[in-house]
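Take a walk through this fold, starting with one helix and ending with the whole chain. Keep the 3D view open as you read.

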Amino acid sequence: MCYRHGKLIDADDCTYTPELLKQWRRMAERRSELRHALGRELTPDDLAAEAFATQTVGLTSPDLMPRVAEVVRDSGMEIIWGKEPALAIRDAAIEIARNALTHGMATEVVITVTAHSVELSDDGALFSPTDLEMAETPRGGAHSMLRLRSSAPNVIVSYIRKEDRNVVTLTSTQNLNKVLAEHPCSTTVYGAPSSVAAAMTFIEERSECGTIFLRPFRGILSYSDLFSLKAGLTARGLTERDIVLVMEAHSEGIRKFLEQEIPNVRMIESR
């Protein structure tokens with residue numbers, strides 16, 4: 001077990017469940033194996049594919065901030081994704097949860113850490129992270145989301161309204177393909193006109209999805225494919241939807257084309 005988690009147990013040995021302690025031990029043993037195999041100290045890049053310590057915690061207003069901080073700390077996120085990305089995720093999670101309780105009138109907010117993602121769900125009024133970013137008078141929530149994008153560029157934020165709940169998921173591009181394989185807001189696009197048309201229909205039918213993920217077949221799209229995508233989005237009035245292209249490799253020219261011609265479509269590299 002690592003020094004930090006060992007100190008936490010010494011400080012309060014009644015707080016941590018046997019399952020969480022077991023996960024901490026698994027993570028420590030895995031880091032030891034990697035350190036021995038690589039013959040050096042580890043970096044977040046070495047650990048990016050490793051699993052968090054999983055947990056589910058309910059959040060309430062009085063102890064919101066310390067509880068979120070504990071969940072992030074206990075998950076091992078700082079070790080796996082790096083300190084600054086983990087703290088940016090903590091800050092954004094606090095703002096999302098606070099917004100749900102204060103403005104969305106939620107009666108329940110839950111934070112869940114899975115092996116490769118963090119999920120916040122609440123039963124409040126419909127409200128996505130994009131609403132925070134686009135607020136006419138930006139406040140804490142907007143600034144936390146901007147900071148998250150700059151401090152954790154490899155962390156993707158997605159939103160869906162599911163069973164009368166807001167569900168916000170944060171995951172790393174390192175594990176994005178695993179997460180998107182069964183994600184209800186994700187579909188494969190093959191580049192041909194018929195496939196692009198099918199993707200447009202998919203986007204139209206998924207009004208509950210705050211973010212749509214398009215996964216090009218074999219990870220790439222051509223300029224011609226992107227022109228077809230632009231035409232389809234424009235023709236169907238979908239230029240305000242938040243769309244992410246999940247590419248395995250891309251050129252700087254492709255990135256600049258998207259920024260200039262289809263600004264509502266972002267591109268990320270899955271690793």
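The expected span of a helix is 1.5 Å times one less than its number of residues. Keep in mind that this is a predicted model.

Start with helix α8, residues 140–151. It has 12 residues. From its first C-alpha to its last, α8 reaches 16 Å, close to the 16 Å expected at 1.5 Å a residue.

Now look at which side chains of α8 are covered. Buried here means under 20% relative accessible area. Gly 141, Ala 142, Ser 144, Met 145, Leu 148 and Ser 151 of α8 meet that cut-off. What do the buried residues of α8 pack against? Two of the partners are helices: α6 (83–102) and α7 (129–133). The others are strands: β4 (155–162) and β5 (165–172).

Zoom out to the full chain. It has 12 helices and nine strands. The radius of gyration is 20 Å, close to the 18 Å that the globule rule gives for 271 residues, so the chain is as compact as a globular protein of that length. Along the principal axes, the C-alpha atoms fill a box of roughly 60 × 50 × 30 Å.

Next, the interior. Of the 271 residues in the chain, 48% are buried. Among contacts with a separation of 6 or more, 66% come from residues 24 or more positions apart.

Finish at the surface and the charges. The chain exposes about 13,800 Å². Carbon and sulfur atoms supply 52% of that area. The chain carries 31 positive and 38 negative charges. The mean positions of these two sets lie 3 Å apart.

Terms used: Residues numbered from 1 in each chain as written. Predicted model: local features only at pLDDT ≥ 70, side-chain atom pairs only at ≥ 80, totals over all residues. Heavy atoms only, no water. Helix = DSSP H or I, 4+ residues; strand = E, 2+ residues; numbered from the N terminus. Buried < 20%, exposed > 50% of the residue type's maximum accessible area, 1.4 Å probe, protein only. Contact = heavy atoms within 4.5 Å. Rg over C-alpha atoms; globule rule 2.2 N^0.38 Å. Areas by Shrake-Rupley, 256 points an atom, 1.4 Å probe, with all protein chains shown as cover. Lys, Arg positive; Asp, Glu negative; His and termini not counted. Charge placed at Lys NZ, Arg CZ, Asp CG, Glu CD.
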